[in-house]
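Visitor: I'd like a close look at one part of this protein: the inside. Take me through it slowly, please, starting with any enclosed space and then moving on to what is packed away from the surface.

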Amino acid sequence: MYRAPSTMSLLCLEASARLGSFTAAAQELHLTQGAVSRQIQALESRLDVRLFVRRRESLITTDAGRYYLEEIAPLLQRLERATVNVMAFKGRGGGLALSVGASIGAYWLIPRLPAFTRAHGEIALSLSTRVGPTDFKTGTIDASLEFGDGQRAGLCCDFVAALDLAPYAAPAWVARHGAQIGAATPGSGLLHHHTLPDAWEQWFLAEQIDADPGRAGPRFEIMSMALNAAVAGLGVVLLPDYMADDMVQATRLVRLSSRTWRSPKGYYLVYPEESVQSPTLQTFRSWLLDSAQQR
């Protein structure tokens, strides 16, 4: 019957490749150089492939070794994180590393997090931001709240929230250009964001405006940057209400239409299939989906 390589042999492989030396790996792992060498030899024998090219002054990872490391590195990182969590929380919780879109994270998720931490103080959240889909191969992220179509091969995608957009502009901009978005609206005053680069085209179609909005206006990587540009009077921007409401109440933005346009894409909680059994992730998932329904 097949048996997977031991954890120690994999740790020796990772340390040796990273440090380029059996001796350095032995010092880091508190083993002898001979013990590390024997672990690597046993692993190569089991896999029937060479993982290193041994030279007098250096240790070079083979193509097979690099491929194998890329596959097992996330598993080793998850093992290390699980060990730290068990030691720190004694099995009563743990850490959860989340990758969150910058705008939905700052304007939608973070205002809700106090309720989560009050209910689940045993879970320590670690949030980071990125633009675009999360790469889970690094093993450093447990789940991602990201914008997309919910179709990620090999990953679980739970729908969290739709993206409904309406036009907003600063009062001074409205005074100069009017509160009606239409064919006469200058294209240079339409602010774009990479989240939905064709949002204005879709808005014009939905409103049956017989004009091409073009792409002459400034473009911003994330919606929060476009929001700040609109507040500064640079133009009109399509935003969800959870981002614009505070600025409307502060009279720094004006909503220019009572209608909204819903993007065919939305926000999803994305995570690897093997994480389905993670109690910490499932606790956060249940809370997140319930919170989205209460919006």
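Guide: Let's start with a word we need. A cavity is a set of grid points where a 1.4 Å probe fits but cannot get out, and its lining residues are those with an atom within 4 Å of one of these points. Keep in mind that what you see here is a predicted model.

With that in hand, a search of the whole structure turns up one cavity of 30 Å³ or more. The space in this largest cavity comes to about 40 Å³. Want to find it on screen? Click on L191, H192, H193, L196, A199, W200, V237 and L238, which line the largest cavity. Three elements each give two or more residues to that lining: strand β7 (192-193), helix α8 (199-206) and strand β9 (237-239). Sorted by class, the lining has six nonpolar residues, two polar ones and no charged ones.

Now for the packed parts. As a general rule, nonpolar side chains in soluble globular proteins tend to be buried together. In this model, the largest nonpolar core has 56 residues, and the members that touch the most others are W108, L109, L145, L239, F284 and L288. The biggest giver to this core is strand β6 (residues 155-169), which puts in eight residues. Pick L288 and look at what surrounds this leucine: leaving out neighbours within four places in sequence, L288 is in contact with W108, L109, L145, V160 and L269. Three of those names, W108, L109 and L145, also appear among the members that touch the most others. There is another core, lying apart from the largest one, with 17 residues, including L13, F52, L59 and L69.

Next stop, helix α9 (residues 223-231). This helix is largely enclosed by the rest of the structure, because seven of its nine residues are buried. The buried ones are M223, S224, A226, L227, A229, A230 and V231. Take S224 from that list: its relative accessible area is 13%, so S224 counts as buried. Beyond residues up to four places away in sequence, S224 touches S103, Y107 and M243. Just after α9 you reach G233, a glycine with a positive phi of about 90°.

How about the cysteines? A disulfide is a covalent bond between the sulfur atoms of two cysteines. The count of disulfides in this model is zero. Take C156: the nearest cysteine sulfur belongs to C157 and is 7.4 Å away, and C156 is in no disulfide. C156 is buried, because its relative accessible area is 19% and buried means under 20%. C12 is buried too, at 0% relative accessibility.

To finish, let's step out to the surface for contrast. D48 sits in the loop between α3 (33-47) and β1 (52-54). With 70% relative accessibility, D48 counts as exposed. D48 isn't a glycine, yet it has a positive phi of about 60°. Q208 lies in another loop, the one between α8 and β8 (219-220). Q208 is exposed as well, with a relative accessible area of 73%. Like D48, Q208 isn't a glycine, and its phi is positive, at about 55°.

Conventions. Residues are numbered from 1 along each chain as its sequence is written. This is a predicted model: local features need pLDDT of at least 70, side-chain atom pairs count only at pLDDT 80 or more; totals for chains, interfaces and linings use all residues. Side-chain values use heavy atoms; hydrogens and water are left out. On a 1 Å grid over the protein atoms alone, a cavity is a set of points where a 1.4 Å probe fits but cannot get out, and a pocket is an open set with protein on both sides within 12 Å along at least five of seven lines; lining residues have an atom within 4 Å of a point. Grid points are joined across faces, edges and corners, and a volume is the space filled by probe spheres set on the points. Helices (H or I, at least four residues) and strands (E, at least two) are DSSP runs, numbered from the N terminus. Ala, Val, Leu, Ile, Met, Phe, Trp, Tyr, Cys and Pro count as nonpolar, Asp, Glu, Lys and Arg as charged, and the others, Gly among them, as polar. A nonpolar core is a set of buried Ala, Val, Leu, Ile, Met, Phe, Trp, Tyr and Cys residues joined through side-chain atoms within 4.5 Å. Buried means under 20% relative accessible area, exposed over 50%, partly exposed in between (1.4 Å probe, protein chains only). Contact means heavy atoms within 4.5 Å. A disulfide is a pair of cysteine sulfur atoms within 2.5 Å.
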